[in-house]
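The following exercises concern a single protein chain. Each sets a task and then works through the solution step by step.

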Amino acid sequence: MPQGSDGSWAQKLYQTHLGSSHFQKPKRSTDAFVVCHFAGKVEYQCDGFVEKNRDTVPEELVGLLRASKVRATLSRGFVGQSLARL
C-alpha cells in the first residue's frame, strides 16, 4: 500500500477478514481491529500503522544499485520489479 492511509488499510482489513472467526471490527472505532488470539481478544489501533510499516530503500542502497554494472542481473532477482525506475 504505497499510497494508502491508516483508514483505507482498516477498511481493506474489514472487507477481507470480517468472515474469519479470528478477526472482529470494534463497535466504536473505525480505525481499529480485533484479533482473537489463543489468549483472548486484542484490539489494535491503525493510527500510524501504515507509515510505521512502510518499506523504504535507504538512499545508500539506491546509489549502489544505480552504480552497479549488473543491473539486469539484480532486476531478475526481484520478480515483477524493475530497477529502471531507480
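**Exercise 1. Aromatic pairs**

Five aromatic pairs are found when the whole structure, a predicted model, is searched. Classify the pair F23 and F33 from the geometry of the rings.

*Solution.* A pair of aromatic rings is described by the distance of the centres and the angle of the planes. For F23 and F33, the centres are 5.9 Å apart and the planes stand at 15°. Planes under 30 degrees apart count as stacked, so the pair F23 and F33 is stacked.

The next step places the two residues in the chain. F23 belongs to strand β1 (residues 23-24) and F33 to strand β2 (residues 32-37). The two residues are ten residues apart, and their pair links distant parts of the chain. As to accessibility, both F23 and F33 are buried.

**Exercise 2. A second contact of F33**

Determine how F33 and Y44 are arranged, and which strands their pair ties together.

*Solution.* The ring centres of F33 and Y44 lie 5.3 Å apart, with 20° between the planes, and this aromatic pair is stacked. F33 is in strand β2 and Y44 is in strand β3 (residues 40-45), so the pair ties together parts that are eleven residues apart in sequence.

Accessibility is then assigned to each partner. Buried means under 20% relative accessible area; F33, with 9%, is therefore buried. Y44 has a relative accessibility of 33% and counts as partly exposed.

Finally, the wider setting is considered. W9, Y14, F23, F33, Y44 and F49 form one aromatic cluster.

**Exercise 3. The strands**

Establish the order of the strands in the sheet and state which of them stand at the edges.

*Solution.* The chain contains four helices and three strands, and along the sequence it follows the pattern α-β-β-β-α-α-α. Strands of a sheet pair through backbone hydrogen bonds, either parallel or antiparallel.

1. β1 and β2 run antiparallel and are joined by two bridges. Q24 has V34 in β2 as its bridge partner.
2. β2 and β3 also run antiparallel, with six bridges between them. The bridge partner of V35 is V42 in β3.
3. A hairpin is formed by β2 and β3, with two residues between them.
4. The result is an open sheet of three strands in the order β1-β2-β3, with antiparallel pairing. β1 and β3 each have a single partner strand and stand at the edges, so one side of each is left without a neighbour in the sheet.

**Exercise 4. Nonpolar core and surface patch**

Which residues make up the largest nonpolar core, and which form a nonpolar patch on the surface?

*Solution.* Buried residues account for 20% of the 86 residues in the chain. The largest nonpolar core has eight residues, namely W9, A10, L13, Y14, F23, F33, C46 and V50. Helix α1 (residues 6-17) gives the most to this core, contributing four residues.

On the surface, V57, L61 and L64 form a nonpolar patch, and together they have about 280 Å² of accessible area. One of these residues, L61, is located in helix α3 (residues 59-67). Its assignment follows from the cut-offs: under 20% is buried and over 50% is exposed, with partly exposed in between. L61 has a relative accessible area of 40% and is therefore partly exposed.

Conventions:
Residues are numbered from 1 along each chain as its sequence is written. This is a predicted model: local features need pLDDT of at least 70, side-chain atom pairs count only at pLDDT 80 or more; totals for chains, interfaces and linings use all residues. Side-chain values use heavy atoms; hydrogens and water are left out. Rings of Phe, Tyr and Trp (its six-membered ring) pair if their centres lie within 6.5 Å; planes under 30 degrees apart count as stacked, over 60 as edge-to-face and the rest as tilted. Buried means under 20% relative accessible area, exposed over 50%, partly exposed in between (1.4 Å probe, protein chains only). A nonpolar core is a set of buried Ala, Val, Leu, Ile, Met, Phe, Trp, Tyr and Cys residues joined through side-chain atoms within 4.5 Å. Patches are made of residues with over 30% relative accessible area and no salt bridge: like charges are joined within 9 Å, nonpolar side chains (Val, Leu, Ile, Met, Phe, Trp, Tyr) within 5 Å. Accessible areas come from the Shrake-Rupley method with a 1.4 Å probe; for residues, only the protein chains shown count as cover. A salt bridge is a side-chain nitrogen of Lys or Arg within 4 Å of a carboxyl oxygen of Asp or Glu. Two strands pair if DSSP finds at least two bridges between them.
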